[in-house]
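Me: I have a model open here and would like to talk through a few of its local features. Could you take them one at a time?

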Amino acid sequence: MPVPFEAFIPFGIMTTFFVVTGTGLNVTRYFSNDRKPTRYHLDKWDYQMMERDRRLTGSTRGQSTDPVAPAAFATNSVWYLEKPRSH
């Protein structure tokens, strides 16, 4: 008759590997998001704002408080075929 606590060793090993893998994934996502929590349930508006933030600051999670965009913002558009308007 087997001893019931013999199953604890493989169960502990499997649990440890799941915990290490999950923690590693969370840490990787945390650092790739500029040390901010992961965003969920993104819609088209969120993706557009993330693209705008990337063009303004160089990071999808960075935000700028300047009231005027830098001069390079006028020409680094995602629409490469459209010429910028001169006002």
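Me: Where does Val3 lie relative to helix 1?
Reply: This is a predicted model, and in it Val3 lies in the segment before helix 1, which covers residues 8–32.

Me: Is Val3 part of a surface patch, and which residues make that patch?
Reply: Val3, Phe5 and Phe8 make a nonpolar surface patch of about 320 Å². Val3 itself is partly exposed, with a relative accessible area of 33%, and it can count towards a patch because that takes over 30% relative accessible area.

Me: Changing topic, which aromatic pair turns up in a search of the whole structure?
Reply: The search of the whole structure finds one aromatic pair, and it is formed by Tyr30 and Phe31 in an edge-to-face arrangement, with 5.4 Å from centre to centre and 75° between the planes.

Me: Are Tyr30 and Phe31 buried or exposed?
Reply: Neither label fits, because Tyr30 is partly exposed with a relative accessible area of 38%, and Phe31 is likewise partly exposed, with a value of 46%.

Me: On to helix 2, then: how many residues, and what span?
Reply: Helix 2 runs over residues 44–57, so 14 residues, and from its first C-alpha to its last it reaches 20 Å, close to the 20 Å expected at 1.5 Å a residue.

Me: Which residues of helix 2 are buried?
Reply: The buried residues of helix 2 are Met50, Asp53 and Arg55.

Me: And what comes just after helix 2?
Reply: Just after helix 2 comes Gly58, which takes a positive phi of about 90°.

Conventions. Residues numbered from 1 in each chain as written. Predicted model: local features only at pLDDT ≥ 70, side-chain atom pairs only at ≥ 80, totals over all residues. Heavy atoms only, no water. Patch = residues over 30% accessible without salt bridge, like charges linked within 9 Å, V, L, I, M, F, W, Y side chains within 5 Å. Areas by Shrake-Rupley, 256 points an atom, 1.4 Å probe, with all protein chains shown as cover. Salt bridge = Lys/Arg side-chain N within 4 Å of Asp/Glu carboxyl O. Helix = DSSP H or I, 4+ residues; strand = E, 2+ residues; numbered from the N terminus. Buried < 20%, exposed > 50% of the residue type's maximum accessible area, 1.4 Å probe, protein only. Expected span 1.5 Å × (residues − 1). Phe/Tyr/Trp six-rings, centres within 6.5 Å; stacked < 30°, edge-to-face > 60°.
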